[in-house]
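User: I have a model open and want a quick walk through it. Can we start with the surface and work inward?

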Amino acid sequence: TKANLESDVAVVLKDKNRYRIHRQREIEKQAIEKMQSYHFTPVHIKGQPRSPLDMALQHDDIETAIMHWDHFKEEITPELEAQGWNIQIDDSFSLQVEMADDWHGELEESEGGDWFELSLGFELNGKRINLLPMLVELLAQSDDPVLLRQSLEDKPHHLFQYDEHHWIKLPTKRMLQILDTVIELYDKDALNEAGKLKFSRHVGLHYNELLNDPTLKWKGAEELQALNKKIRDFAGIEQVDLPNGLQADLRDYQRQGLNWLQFLRSYQFNGILADDMGLGKTIQTLSHLLLEKESGRAELPNLVIAPTSLMSNWKNEAKRFTPDLKVLVLQGANRKQYFDEIADYDLVLTTYPLILRDKEVYEDQTFHYLILDEAQAIKNSKSKTTQAIYSLKANHRLCLTGTPLENHLGEVWSMYHFLMPGYLGQHERFSRLFRTPIEKNNDKIRGEQLRQRVLPFMLRRSKEIVAQELPPKTEMIRMVPLVGAQRDLYETVRLAMDKKVRDEINKKGLARSHIMILEALLKLRQVCCDPRLVKLERAKRVKESAKLDLLMTLVPEMVEEGRKILIFSQFVSMLELIEEKLKQADISYTKLTEQTQKREEAISRFQEGDAQIFLISLKAGGVGLNLTAADTVIHYDPWWNPAVERQATDRAYRIGQDKPVFVYKLLTENTVEEKILKLQEKKQLLADALYSSKRNAEVIFTQDDLVNLLKPID
């Protein structure tokens with residue numbers, strides 16, 4: 001009874017004997033307080049009188065309650081027994097918490113050895129248990145992997161329920177190592193149907209610490225362990241001798257580039273040579289291919305795929321610097337007669353447009369090296385040309401580009417998928433884990449994870465770092481306001497297009513109105529360049545052209561100073577209008593557009609001839625030209641992407657330039673052009689975030705930004 005429980009004397013009946021027990025209330029109180037310190041709380045046992053000595057471990061979280069019980073049983077019980085406590089566990093108590101026995105890992109090769117399937121776990125009572133599905137289930141319970149990890153770090157162990165009465169206790173530190181290393185970026189969909197993690201041979205490079213864990217018993221991991229040991233023992237990129245047949249003196253950084261290319265080959269890696277435009281990616285690559293031939297390793301031909309405009313550049317540089325390489329140019333209508341001779345050449349050159357047409361020719365051919373020049377050409381991973389290039393067979397692959405990222409991270413994925421399929425995961429998974437968090441949410445952790453993955457296989461040197469001998473480059477923005485009839489035309493077009501865009505958005509939604517928005521912006525940009533570019537009757541009556549007047553104020557004075565000038569525009573028709581003005585001013589010029597038949601003659605007339613101005617369309621001459629005779633670059637109209645403009649500028653500002661270079665950007669004030677300049681800055685921030693640990697708040701523009709461009713002139 002309650003009175004008996006509160007009495008200092010208790011009477012107990014046992015085996016027909018009555019016992020009078022004198023209670024020690026202070027000691028009982030101390031015992032109760034001690035049990036409470038171990039997370040025990042008073043409970044009422046059904047059918048029994050209430051007693052402060054009836055206690056249980058209770059918690060809202062069953063895992064926490066079991067963790068407390070395991071701690072009490074393993075750590076506290078021995079201490080209490082040493083103090084004289086008598087502790088008994090009834091046979092009916094079925095809960096068991098067990099520490100995992102031997103840990104094991106198993107790798108199985110798939111798809112010809114380029115891919116592996118991994119299971120990882122431990123042994124419990126002689127039975128193997130795969131830990132990976134348990135970790136994925138743990139991830140699925142949290143919407144925030146960072147907070148999940150932080151909560152796990154606070155505990156020495158973590159419990160997993162094995163069946164109704166069995167729980168497995170794992171050391172948290174070791175579990176987190178596996179979580180960080182294997183469950184790629186806390187992905188909830190990382191495993192295949194068999195509960196295994198599938199990854200490419202190159203991804204296995206991330207598992208160095210795991211593969212060499214002395215407490216893990218591995219099966220089938222010998223190949224990856226050997227590769228990782230080779231990397232672990234790596235003492236630095238070795239200096240290689242220049243090929244004997246090289247007819248050039250390489251600069252120090254170019255020799256380092258050659259060393260790096262040889263390093264990639266010796267370790268069976270592929271990569272991106274991403275030096276700035278004008279630093280000599282072509283000669284570094286040719287030197288590498290010549291060294292491969294002289295060493296006897298290049299028993300197969302090498303294939304270079306490049307823009308059409310670069311065919312003569314590759315052919316001429318190979319003839320000049322590496323004459324021992326036998327070169328075949330597969331271009332033009334007569335190329336088909338040479339298809340059967342591909343295997344007889346050291347270097348085969350073809351273009352991106354032709355690779356799709358000639359796909360069947362290459363299906364049965366394996367190359368020593370497959371090289372993509374201006375590799376940003378495969379930025380659209382779903383295009384037929386890119387898919388055809390993915391399917392080509394080669395022992396080694398290499399990308400050359402000064403702009404590995406132009407617009408978005410999907411372009412980086414496409415290049416790495418060409419180089420090392422699977423290295424950055426499948427496209428959908430990459431978008432979910434990297435592109436969306438980085439571009440839309442500015443996720444710094446994911447950004448750093450991506451940077452650490454891509455940079456080991458990318459060699460990127462800027463002119464400022466490696467080419468100290470280059471003279472200074474000065475960039476200037478020249479603004480001019482729209483006035484009179486040209487300003488009125490701009491507002492008329494803006495109002496009309498603004499209504500069309502808003503109607504389209506109301507009808508289809510913002511995301512599906514992208515084409516209409518870009519069409520509107522195109523018309524506004526044309527008005528800014530010159531009203532005659534706009535196909536409207538009213539535009540024909542407008543005589544003012546503020547920017548053309550500005551250009552023709554600058555150019556004659558520059559010519560008088562003896563400058564050689566490159567003028568870039570995206571609009572061929574704009575170049576034709578400038579051409580008329582140059583004729584009137586009796587200024588010698590040459591021109592390069594997509595329609596130019598004699599490219600080399602046009603280039604030579606500027607480089608070695610008397611042409612003071614070189615009119616160049618951005619599409620035809622933005623890459624692949626060496627125009628070091630120029631000391632002035634004028635961008636008549638701005639483009640969305642700063643990398644594209646910089647490529648064009650680098651036609652003049654490159655190795656071999658011995659004069660200061662002046663770069664002018666002509667913009668109309670308070671118009672769509674000035675706003676494009678702001679968008680360029682956001683594009684640059686995205687590229688900076690990939691190449692370095694530098695972080696910024698906003699990294700990419702959205703369609704909302706595009707709509708904002710349609711606002712009126714202030």
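Analyst: Sure. Bear in mind that this is a predicted model. On the surface, Val 12, Tyr 19 and Ile 21 make a nonpolar patch of about 250 Å².

User: Where does Val 12 sit?

Analyst: Val 12 is in strand β1, residues 9-14. Its relative accessible area is 35%, so Val 12 counts as partly exposed.

User: And the surface overall, how much area does the protein expose?

Analyst: About 35200 Å². Carbon and sulfur atoms supply 48% of that area.

User: What share of the residues is buried?

Analyst: Of the 714 residues, 52% are buried. The protein has 28 helices and 25 strands. Take the contacts between residues at least 6 apart in sequence: 69% of them join residues at least 24 apart.

User: Let's pick a helix. Which residues of α2 are buried?

Analyst: Glu 28, Ile 32 and Met 35. Looking down the axis of α2, these buried residues fall within an arc of 65 degrees, so they line one face of the helix.

User: Why would spaced-out residues share a face?

Analyst: An α-helix has 3.6 residues a turn, so residues three or four places apart point the same way.

User: What covers that buried set in α2?

Analyst: The cover includes β3 (40-42), β4 (55-57) and α3 (62-82).

User: How far apart are the end C-alpha atoms of α2?

Analyst: They are 18 Å apart. Helix α2 has 13 residues, 25-37, and at 1.5 Å a residue it should span 18 Å, so the two agree.

User: What comes after α2?

Analyst: His 39 follows α2, and its phi is positive, near 80 degrees.

User: Switching to Thr 322. Buried or exposed?

Analyst: Thr 322 is buried, at 0% relative accessible area. It is in the loop between α11 (311-321) and β15 (327-329).

User: What does Thr 322 touch?

Analyst: Leaving out residues up to four places away in sequence, Thr 322 touches Leu 246, Leu 286, Ser 287, Leu 290 and Glu 317. Glu 317 is also one of the buried residues of α11, among them Trp 314 and Phe 321.

User: What do the buried residues of α11 pack against?

Analyst: One helix and several strands: α10 (281-294), β14 (302-306), β15, β16 (347-351), β17 (366-373) and β18 (393-400).

User: Now charges. How many salt bridges does the count come to?

Analyst: The count comes to 11 salt bridges. One of them pairs Arg 335 with Asp 358, at 2.8 Å from N to O. Arg 335 is in the loop between β15 and β16, and Asp 358 is in the loop between α12 (352-357) and α13 (359-362), so the pair ties together parts 23 residues apart in sequence.

User: Are Arg 335 and Asp 358 buried or exposed?

Analyst: Arg 335 is buried, at 8% relative accessibility. Asp 358 is buried too, at 4%.

User: What about Asp 610?

Analyst: Asp 610 forms a salt bridge with Arg 605, at 3.6 Å from N to O. Asp 610 is exposed at 53% relative accessibility, and Arg 605 is partly exposed at 37%.

User: Which residues do shared partners join into a network?

Analyst: Arg 265, Glu 292 and Arg 297 form one network through salt bridges that share partners. In the bridge between Arg 297 and Glu 292, the closest N and O atoms are 2.9 Å apart. Glu 292 is buried at 0% relative accessibility, whereas Arg 297 is partly exposed at 33%.

Notes. Residues are numbered from 1 along each chain as its sequence is written. This is a predicted model: local features need pLDDT of at least 70, side-chain atom pairs count only at pLDDT 80 or more; totals for chains, interfaces and linings use all residues. Side-chain values use heavy atoms; hydrogens and water are left out. Helices (H or I, at least four residues) and strands (E, at least two) are DSSP runs, numbered from the N terminus. The expected span of a helix is 1.5 Å times one less than its number of residues. Buried means under 20% relative accessible area, exposed over 50%, partly exposed in between (1.4 Å probe, protein chains only). The arc is that of the directions from the helix axis to the C-beta atoms. Contact means heavy atoms within 4.5 Å. Accessible areas come from the Shrake-Rupley method with a 1.4 Å probe; for residues, only the protein chains shown count as cover. Patches are made of residues with over 30% relative accessible area and no salt bridge: like charges are joined within 9 Å, nonpolar side chains (Val, Leu, Ile, Met, Phe, Trp, Tyr) within 5 Å. A salt bridge is a side-chain nitrogen of Lys or Arg within 4 Å of a carboxyl oxygen of Asp or Glu.
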